[in-house]
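Biologist: I am new to this protein and would like a close look at a single part of it. Please pick one place where two strands meet, and then work outwards from there to the rest of the chain.

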Amino acid sequence: MDHETSTGHVTRKTVLRAALAAGMAAPAVLMGVPALARTLTGGEEAPELTPTCDDGDDPTPAQMEGPYFKPNSPRRSSLLEGNTPGVRLTVSGYVFGLACRPISGVLLDFWQADTNGAYDNTGFRFRGHQFTGADGSFKLTTIVPGLYPGRTRHIHVKAQAPGRPVLTTQLYFPGEPRNNTDSLFDPRLLMTVRDAGGAREAAFDFVLNVPQNPGPTPTPTQTTQPPGGSWAVGTAYRAGDAVTYGGAAYVCLQAHTAQPGWQPPNVPSLWRAA
Ligand SMILES: [Fe+2]
């Protein structure tokens with residue numbers, strides 16, 4: 001867990017994500033974020049802009065590797081082989097450093113279960129690694145992983161910028177019933193997923209703990225708002241519960257027990273602005 005985020009100051013990105021979650025038009029001043037702005041569009045292609053990321057103050061949290069990682073996966077961005085059964089899925093996004101700059105040449109090694117929830121532990125089905133492009137982007141072509149006992153739906157990934165430590169984590173799907181009962185589930189690792197003609201298109205942006213020279217300072221208008229309010233760690237919230245945090249009101253979208261870093265609007269899957 002990354003406790004840097006538990007201070008809970010409202011950032012440019014979290015404001016934008018909250019706006020997205022609430023279905024609101026994000027303030028224009030926040031919209032210089034193509035990788036996120038893309039998730040706003042209802043099927044249109046993203047504008048071809050250089051991604052400018054966000055404040056980068058909350059690196060993607062780590063998660064356990066689990067028992068099924070294998071080294072030496074093949075280099076490939078598509079895990080489909082022939083007529084692989086399963087619902088087609090693409091996962092695309094960017095990898096950023098701490099100053100919101102995209103990182104090229106990042107190793108992304110994905111592994112996941114097949115449509116029946118089984119890992120290939122003898123071969124390399126549904127295992128593959130790739131490197132981010134010059135703009136920090138990646139795209140994985142695969143299927144929606146099946147469920148297996150004890151876990152909600154997820155994709156494993158290791159991300160490593162050149163010369164930096166490996167981040168091992170997992171990506172999750174919104175709207176999965178088991179998200180509420182899987183103790184590993186972390187809503188900060190939810191992908192944005194939409195239907196695309198029987199297939200699924202997911203988006204996720206990684207922020208790696210990689211120092212970078214800061215670029216232009218993001219608009220600081222929201223960063224001085226002090227945290228605080230009725231939201232409290234350890235509270236078991238239910239859908240519909242109302243809290244205040246950082247001077248704003250939020251409504252709970254999904255039952256959960258509050259943990260550091262999950263405060264609104266950090267986690268759009270859990271809280272929407274009231
Ligand atoms: Fe797994």
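Modeller: Let's start with W111, which stands opposite R127 in β3. Please keep in mind as we go that this is a predicted model. W111 is a residue of β2 (107-111), and β3 covers residues 127-131. Five bridges join these two strands, and they run antiparallel. In general, strands of a sheet pair through backbone hydrogen bonds, in either a parallel or an antiparallel way.

Now step back to see the sheet around this pair. It is an open sheet of four strands, and their order across it is β3-β2-β5-β6, with antiparallel pairing. β3 and β6 stand at the edges with a single partner strand each, so one side of each is left without a neighbour in the sheet. As you go from one strand to the next, the twist averages 25°.

Next, cross to the other end of that order. β5 and β6 pair over six bridges, again in the antiparallel sense. Here H154 stands opposite Y172 in β6. These two strands form a hairpin with six residues between them, and in its turn G163 has a positive phi of about 75°. Although β6 is an edge strand, it is mostly covered, with five of its six residues buried.

What lies in the interior? The largest nonpolar core has 37 residues, and V95, A159, M191 and L208 are those with the most contacts inside it. Among the elements that each supply at least two residues of this core are three strands of our sheet, β2, β5 (154-160) and β6 (167-172), along with β1 (88-96), β4 (137-143) and β9 (206-207). The largest share, five residues, comes from β1. M191 makes a good viewpoint: leaving aside residues up to four places away in sequence, it touches V91, L171, Y172, F173, A202, A203 and F204. Y172 links this back to the hairpin, where it faced H154. There is also a second, separate core of twelve residues, which includes W231, Y237, W262 and W271.

Some of the loops are worth a visit too. C100 sits in the loop between β1 and β2, leading towards the strand where we began. Its phi is near 70°, a positive value in a residue other than glycine. C100 counts as buried because it has 23 C-beta neighbours inside 10 Å, and 20 or more is what that label asks for.

The loop between α2 (34-37) and β1 holds P67, and N72 is found there as well. N72 also has a positive phi, about 65°, although it is not a glycine. Unlike C100, which is buried, N72 is exposed, with 8 other C-beta atoms within 10 Å. P67 is exposed too, because 7 other C-beta atoms lie within that 10 Å. In space, P67 and N121 are 9.9 Å apart from C-alpha to C-alpha, while 54 residues separate them in sequence.

Further along the chain, the loop between β13 (256-257) and β14 (271-273) contains P264, and P265 lies in it as well. The peptide bond from P264 to P265 is cis, with omega near -5°. P264 is buried, with 29 other C-beta atoms within 10 Å. P264 and V243 lie 21 residues apart in sequence, and their C-alpha atoms are 8.9 Å apart in space.

Finally, here is the whole chain. It has two helices and 14 strands, and of its 274 residues, 38% count as buried. Taking contacts between residues at least 6 apart in sequence, 65% join residues at least 24 apart.

How confident is the prediction? The chain averages a pLDDT of 80, and 74% of the residues score at least 70. Over residues 1-52, however, the pLDDT is below 50, though this stretch has 93 contacts in the model beyond near neighbours in sequence. Residues 218-225 also have a pLDDT below 50, with 15 such contacts. Where pLDDT is low, the predicted coordinates should not be read in detail.

How values were computed
Residues are numbered from 1 along each chain as its sequence is written. This is a predicted model: local features need pLDDT of at least 70, side-chain atom pairs count only at pLDDT 80 or more; totals for chains, interfaces and linings use all residues. A nonpolar core is a set of buried Ala, Val, Leu, Ile, Met, Phe, Trp, Tyr and Cys residues joined through C-beta atoms within 7 Å. Two residues are in contact if their C-beta atoms, placed from the backbone, lie within 7 Å. Two strands pair if DSSP finds at least two bridges between them. Axes are lines fitted to C-alpha atoms, for helices over the stretch in contact, and angles run from 0 to 180 degrees between N-to-C directions. pLDDT is the predictor's confidence in each residue, from 0 to 100.
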